[in-house]
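User: I'd like to learn how to read a model like this one, feature by feature. Could you walk me through it?

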Amino acid sequence: MSSSDSVPAPVPVPVTVPRLVVAAPSSGSGKTTVATGLMAAFAARGLAVSPHKVGPDYIDPGYHALATGRVGRNLDAYLCGPELIGPLFAHGARGCDVAVVEGVMGMFDGAAGEGELASTAHVAKLLRAPVVLVVDASSQSRSVAALVHGFASFDPEVRVAGVILNKVASDRHEELLREALDQAGVPVLGALRRAPQVDTPSRHLGLVPVAERQAAAVEAVAAMAAQVERGCDLEALMGLARGAGALPCAPWEPPQSAVEQRAVVAVAGGSAFTFSYAEHAELLTAAGAEVVPFDPLRDEQLPDGTSGLVIGGGFPEVYAAELSANEPLRKAVTALAESGAPVAAECAGLLYLCRELDGMPMCGVIDATARMSERLTLGYRDAVALGDSVLAPAGTRMRGHEFHRTVVEPGAGAAPAWGVRAPERRVEGFVQQGVHASYLHTHWASEPGAARRFVERCRTS
């Protein structure tokens, strides 16, 4: 058949979900309070709200899910590539009335040394979405106009369409701020007073996850919703979201595999292992797995018929004593790994597989020890698979993210999982039999072959 007779590629159906991005000049300005409160306030009006978070953060999406009743999803242009941001957004927002995207750090802060890549501004442009700037007004009045003007004019392709003033001290303070912003040409869409009841507790890696404080988290989200409902113009914000243009892309779909019998893949959860991307379970299911969650703090055995194990990130250091005390499960995990079954472990999962964590016995699958450290390791990483594993053949390039205050010694096994190119060249992680364990958090949507390869190994091991 000649090229002129070839079947044309399908034209993507434009995505028309109303949407807006909540950004800020810097971390600590109140993005999470406003974004989560806005999600909850819209949901309370009977709207189906799609929650999203820019960047690799796992904790904020848990609060988003609590606010909306839908799974929180990440939009990371570094881990997944800019080309997947629109499709992943469309996948998550399918059938929703409105989508709220919480930004990361300061609006123009992205991957170090990579310009705008993975910044809130970059994702807003990729989504063709208006931006609402949350400004901590606690120590300024007229200067707020200069700040907002700078952010609104820095990149003409980013549409800063409104401002929400946070931590406003009084009616008089609000009056001064609004007068100043009249001159900046950016409308004020809300003004929030200081409200300690919306604060969420933090520790060494940020906010405490929802799974660890369920009742208190429900109260905090309700307080956020009440504060936004009281202090923001929800009609104007919804009108702004409806004004977002069409997004010409097709929703992302996990590639489907036809299988006669599904392999049981156990996925660690509970309070100690709360870090996961929703797309991972979707990819495993599409590849032919029956995904079964379990809680290493409570369950003494792996799910019946387990043929593969995924242990993501979280806070095992906080629960080291409880994890260690669950000796039956530790032995079950060790037995599964020694059988050659595929085991994929990231960060917290790596610690759990070590001989010990802060002196307390763990699974002993990996001949290494783990301990807490004063040093925070944080940042994006470029990595290449140094050998074949249950996740990737040798030479596979993936991008990852590290975020921990722990140290594993040694940091790599005889067969390392990855060669890391930035910020310094090093080897990292462990590959042995069916085990792939590493500090790197990866997003499998960028390499869907990882889930398919893992599930195929489940069926053949």
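User: Let's start with one residue: is C347 buried or exposed?

Analyst: Ground rules before that: this is a predicted model, where local features need pLDDT of at least 70 and side-chain atom pairs count only at pLDDT 80 or more, while totals for chains, interfaces and linings use all residues. Residues are numbered from 1 along each chain as its sequence is written, and side-chain values use heavy atoms, with hydrogens and water left out. Now, buried means under 20% relative accessible area, exposed means over 50%, and partly exposed is in between (1.4 Å probe, protein chains only). C347 has a relative accessible area of 6%, so it counts as buried.

User: What is the sign of phi at C347?

Analyst: Positive: phi of C347 is near 55°, and the residue is not a glycine. You'll find C347 in the loop between β13 and α12 (348–353). R128 is another non-glycine residue with a positive phi, about 55°, and sits in the loop between α4 (120–127) and β5. Helices (H or I, at least four residues) and strands (E, at least two) are DSSP runs, numbered from the N terminus.

User: Which strands pair with β5?

Analyst: Two strands pair if DSSP finds at least two bridges between them. Strand β1 (residues 19–23) pairs with β5 in the parallel sense over 3 bridges, with V22 bridged to V132 of β5. Strand β6 (residues 160–168) and β5 also pair in the parallel sense, over 6 bridges, and there D136 stands opposite N166 of β6. As for cover, 5 of the 6 residues of β5 (131–136) are buried.

User: Which helix joins β5 and β6 in a β-α-β unit, and what is its hand?

Analyst: A crossover is right-handed if, with the strands pointing away from the viewer, the path from the first strand over the helix to the second runs clockwise. Here β5, helix α5 (residues 143–154) and β6 make a right-handed unit.

User: How do I check the length of a helix, say α11?

Analyst: The expected span is 1.5 Å times one less than the number of residues. The 12 residues of α11 (327–338) should therefore span 16 Å, and the end C-alpha atoms are 16 Å apart, which agrees. On burial, L329, R330, A332, V333, T334, L336 and A337 are the buried residues of α11. An α-helix has 3.6 residues a turn, so residues three or four places apart point the same way. After α11 comes G340, with a positive phi near 95°.

User: Where is there a cis peptide bond?

Analyst: Look between E409 and P410, where omega is about 0°. P410 is in the loop between β17 (397–409) and β18 (418–420).

User: How many cavities are there, and what lines the second largest?

Analyst: On a 1 Å grid over the protein atoms alone, a cavity is a set of points where a 1.4 Å probe fits but cannot get out, and a pocket is an open set with protein on both sides within 12 Å along at least five of seven lines; lining residues have an atom within 4 Å of a point. The search of the whole structure finds 2 cavities of 30 Å³ or more. P255, L283, A287, P448, A451 and R452 line the second largest cavity.

User: Which element supplies the largest share of the lining of the second largest pocket?

Analyst: That's α9, with 4 residues.

How values were computed: Grid points are joined across faces, edges and corners, and a volume is the space filled by probe spheres set on the points.
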